[in-house]
Amino acid sequence: MNDSTTPPLAIDHLGIAVPDLDAALSFWRDQLGVTLTAIEEVPEQRARVAFLATGAAKTELIEPTDPDSAIGKFLASGRKGIHHIAYRVDDISARLRELRERGVELVHAEPVAGSRGTKVAFLHPRSTGGVLIELVEYPRA
Ligand code: CO
C-alpha cells in the first residue's frame, strides 16, 4: 500500500550477523576486497558494527558484545548471515506512527540510537512475512 503521503523507501544497508568481526573482515575486506568505511561500538544495541562500501546499499557486519543482545541471541539460536534489511526514511517517528496505525507490529515503538548518529527502529518479523526490517533516519546535515 502506498499513497502520496508516504515517500518511497530506499535500501540503506543489509545487516549481517557475525560471531567475530575480525574473522568476518578477513573475508569481506581482505578476500572479497570490499572497502571498510567504519567500525563502531553501538552500546544501545550491545554490538560492534562495521560498515562496508557497497554502493547506495551498504553492508553492515554486526558482532554482538553481549550474548543476551538481539544479535547474540540470533547467533545462539544457530542462525547466521543476513539478519535484517534497513530502509532509509526521512522522519522515522512519523513512519512508526503511520505503520502502527496500519496495524504493523513494531519491535521499537520509538526510535533508538543507531550507529553513526542515526535513529533506528525495527519492525517485527511477525508483521513482515519473516523479514526483520530496520528503519534508519540520518541526522540532518
Ligand atoms: Co542495521
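Which residue stands opposite Ile-85? In this predicted model, the partner of Ile-85 is Ile-133, in strand E8. Let's start from that pair and work outwards.

**The sheet**

Strand E8 covers residues 133-137 and pairs with E5 in the parallel sense, over four bridges. Both belong to an open sheet of eight strands with mixed pairing, and the order runs E2-E3-E4-E1-E5-E8-E7-E6. At the edges stand E2 (35-42) and E6 (112-113); each has a single partner strand, so one side of each is left without a neighbour in the sheet.

**Helices on the sheet**

Two helices are worth a look here, and the table sets out how they run.

| Helix | Strands | Angle |
|---|---|---|
| H1 (residues 21-31) | lies across E1 (10-17), E2, E3 (47-53) and E4 | about 5 degrees to E3 |
| H3 (residues 92-101) | touches E7 (119-123) and E8 | about 145 degrees with E8 |

H3 thus brings us back to E8, the strand that holds Ile-133.

**The largest pocket**

Now for the empty space. The largest pocket has a volume of about 510 Å³. It is lined by 21 residues, and the closest to its centre are Ala-70, Ile-71, His-83, Phe-122 and Leu-132. Strand E4 (58-64), helix H2 (70-76) and strand E5 (81-88) are the elements that give two or more residues to this lining. H2 supplies the largest share, with four residues. As for character, the lining divides into 10 nonpolar, six polar and five charged residues.

Definitions and conventions:
Residues are numbered from 1 along each chain as its sequence is written. This is a predicted model: local features need pLDDT of at least 70, side-chain atom pairs count only at pLDDT 80 or more; totals for chains, interfaces and linings use all residues. Side-chain values use heavy atoms; hydrogens and water are left out. On a 1 Å grid over the protein atoms alone, a cavity is a set of points where a 1.4 Å probe fits but cannot get out, and a pocket is an open set with protein on both sides within 12 Å along at least five of seven lines; lining residues have an atom within 4 Å of a point. Grid points are joined across faces, edges and corners, and a volume is the space filled by probe spheres set on the points. Ala, Val, Leu, Ile, Met, Phe, Trp, Tyr, Cys and Pro count as nonpolar, Asp, Glu, Lys and Arg as charged, and the others, Gly among them, as polar. Two strands pair if DSSP finds at least two bridges between them. Contact means heavy atoms within 4.5 Å. Axes are lines fitted to C-alpha atoms, for helices over the stretch in contact, and angles run from 0 to 180 degrees between N-to-C directions.
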